[in-house]
Amino acid sequence: MKIFADTAIIKEIEEVSKWGIISGVTTNPSLIAKSGISLEEAIKKIVGLVDGPISAEVAEADAESMVEEAKIYAAMHKNIVVKIPMTIEGVKAVKILSSMGIKTNVTLVFSVSQALMAASAGATYVSPFLGRLDDLLKQDDAGFNLLKDIKEMFRTYNFKTQIIAASIRHLNHVNQSIKSGADIATIPYNVLKEMVKHELTDKGLQIFREAAKK
Ligand code: G3P
């Protein structure tokens, strides 16, 4: 499973890109607002830091307007993937963009039928949101079950659309993404840092450090 960084904060991307294991970046309007810079500025900086798919989200609108906005982002860099919301207009936009060879990431996916609509329109990626679905259904495996169902559906019908597990809040979501066979998990900075940790690693290091002193 590939690891993407789910952030538009340039300092965070600078740091995690140095680890050498980040294959792409996803942004959305909330993350751009948090970053304090415009989407255009963020795109320009991020493409210089990570050589992989960078998702930039269009504003929700009619299909034609989304396609026009998508063309602008796609023209900025070869790695740009246009993030399109899961609506009827979004599906129409994805169909047009895929015929133009522009990569898309259909976002705010919460059901298998939404994933089927996105994949049928030719989406490059779909982004099921784990955390938000778990919150809604007050379960800790609702997002996990959705990932598994989408994976199975794509396999059954031979879709090439890749699954980006999104809205990841903690390590269990990362583990669930791995177990589900998701192609990618897009992970916020705080969870990325947690992924290297284990209490026994810390304990073991302490023991080895003391031994090394002797
Ligand atoms: O990947 C989508 C993500 O940024 C949304 O996360 O925590 O707002 O549901 P969250």
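A residue counts as near a molecule if one of its heavy atoms lies within 4 Å of it. With that in hand, here's a look at the ligand site and a salt bridge in this predicted model, where local features need pLDDT of at least 70, side-chain atom pairs count only at pLDDT 80 or more, and totals for chains, interfaces and linings use all residues. Residues are numbered from 1 along each chain as its sequence is written, and side-chain values use heavy atoms, leaving out hydrogens and water.

**Around the ligand**
- The ligand's neighbours are D6, N28, L31, F129, R132, A166, S167, R169 and T186.
- Sorted by class, that shell holds three nonpolar, three polar and three charged residues.

**Polar contacts (N or O atom pairs within 3.5 Å)**
- D6 has a side-chain N or O atom 2.7 Å from a ligand oxygen.
- S167 puts a polar side-chain atom 2.7 Å from an oxygen of the ligand.
- For N28, the distance from a polar side-chain atom to a ligand oxygen is 3.0 Å.

**Salt bridges (a Lys or Arg side-chain nitrogen within 4 Å of an Asp or Glu carboxyl oxygen)**
- The count here is six.
- One of them joins the side chains of D51 and K78, at 3.7 Å from N to O.
- D51 sits in the loop between α3 (39–49) and β3 (54–57) and K78 in the loop between α4 (63–76) and β4 (80–85), so the pair ties together parts 27 residues apart in sequence.

Methods
A polar contact is a pair of N or O atoms within 3.5 Å; within protein, one must be able to donate a hydrogen and the other to accept it, and residues adjacent in sequence count only if both atoms are side-chain atoms. Ala, Val, Leu, Ile, Met, Phe, Trp, Tyr, Cys and Pro count as nonpolar, Asp, Glu, Lys and Arg as charged, and the others, Gly among them, as polar. Helices (H or I, at least four residues) and strands (E, at least two) are DSSP runs, numbered from the N terminus.
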